[in-house]
Amino acid sequence: MPRKSVSPRKKRPVRTSLAIHRHWLSRAEDIARRPPGHGGSPHPTVKVGAILVDRHGHEIAGAANRFAHGVDRKRPERYIDGVKSLWISCAEQIVIASALRARADIDGASLYLTLEPCAICAGFIAELRLREVFVPVGAMRRYAKLKDKWKTSIEVGLIKLAEAGVPLTAIDMGPPAKKRRRRNAR
């Protein structure tokens, strides 16, 4: 009796949790790097992105650190050292406000950030009882021009999250992408 040929089932690609975390963190980085007129960060050196993801793995909202809606970001005096942080809102604040404005269900949501949260944002995260926060490994080191006051604020923020029972997980983003060499067109 001839043997029936059985075609192998096509397997759907399985996305590992590491791949999923890398995806959301890359998305947060992309949002931060957008031009300010398209929702990106206007900050000259510290461009922070945030993505809020619901318990089912769907994006709720994404944002960068920026001026609040309606606040004039084109006034140069608002970029002077010592006052920038009074004008530019943290990405975490913007993404949470966006989710709440949309009346999204944030119960069990996770937050993906390109930089660890400051003390104030960590308090918001704890108060909202977000499930978990994810950042790239060595996130703070990636921001070479981060001022000492923000490093201290982040250290306090990490303590707040730990005491509130909100885990912060650092994700290895893998080796940096190799730059493509341009070929001389001859």
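## Exercises on a predicted model

**Exercise 1. Describe how helix α3 and helix α4 pack, and say which residues meet.**

Solution. In this predicted model, helix α3 (residues 91-101) packs with helix α4 (residues 119-128) at an angle of about 30°, and the axes of the two helices are 9 Å apart. The next step is to list the residues in contact: from α3 they are E92, Q93 and I96, and from α4 they are I120, C121, F124, I125 and L128. Sorted by character, the residues of this contact comprise six nonpolar, one polar and one charged.

**Exercise 2. Determine how many disulfides the structure holds, and examine the sulfur distances of C118 and C121.**

Solution. A search of the whole structure returns zero disulfides. To see why, begin with C118, whose sulfur has its closest cysteine sulfur in C121 at 3.7 Å, which is too far for a bond because a disulfide requires the two sulfur atoms to be within 2.5 Å. Continue with C121, for which the closest cysteine sulfur is that of C90, at 3.7 Å, and this distance is again too far for a bond. As for the surroundings, C118 counts as buried at 7% relative accessibility, and C121 is buried with a relative accessible area of 0%. C121 is also one of the α4 residues that meet α3.

**Exercise 3. Work out the strand order of the five-stranded sheet, and identify the strands at its edges.**

Solution. The five strands form an open sheet in the order β2-β1-β5-β6-β7, with mixed pairing. The edges are taken by β2 (59-64) and β7 (168-171), each of which has a single partner strand, so that one side of each is left without a neighbour in the sheet. From one strand to the next, the twist averages 20°.

The mixed character can then be followed through two of the pairs. Strand β1 (residues 49-53) runs antiparallel to β2 and is joined to β2 by five bridges, and within this pair A50 has A63 of β2 as its bridge partner. These two strands form a hairpin with five residues between them, and G57 in the turn has a positive phi of about 90°. By contrast, strand β5 (residues 110-113) and strand β6 (residues 132-136) pair in the parallel sense over three bridges, and here L111 has V133 of β6 as its bridge partner.

**Exercise 4. Decide whether S89 is buried or exposed, and list the residues that S89 touches.**

Solution. First locate the residue: S89 lies in strand β4 (residues 88-89). The relative accessible area of S89 is 18%, and S89 is therefore buried, since the cut-off is under 20%. Once residues up to four places away in sequence are set aside, S89 touches N65, R66, A68 and I94.

**Exercise 5. Summarise the secondary structure, the burial and the contacts of the protein as a whole.**

Solution. The protein has five helices and seven strands, and from the N terminus on its elements run α-β-β-β-α-β-α-β-α-β-α-β. Of its 186 residues, 37% count as buried. Among contacts with a separation of 6 or more, 66% come from residues 24 or more positions apart. Finally, the accessible surface comes to about 12700 Å², and 53% of this surface belongs to carbon and sulfur atoms.

How values were computed:
Residues numbered from 1 in each chain as written. Predicted model: local features only at pLDDT ≥ 70, side-chain atom pairs only at ≥ 80, totals over all residues. Heavy atoms only, no water. Axes fitted to C-alpha atoms, helices over the stretch in contact; angles between N-to-C directions. Helix = DSSP H or I, 4+ residues; strand = E, 2+ residues; numbered from the N terminus. Contact = heavy atoms within 4.5 Å. Nonpolar A, V, L, I, M, F, W, Y, C, P; charged D, E, K, R; others polar. Buried < 20%, exposed > 50% of the residue type's maximum accessible area, 1.4 Å probe, protein only. Pairing = 2+ DSSP bridges. Areas by Shrake-Rupley, 256 points an atom, 1.4 Å probe, with all protein chains shown as cover.
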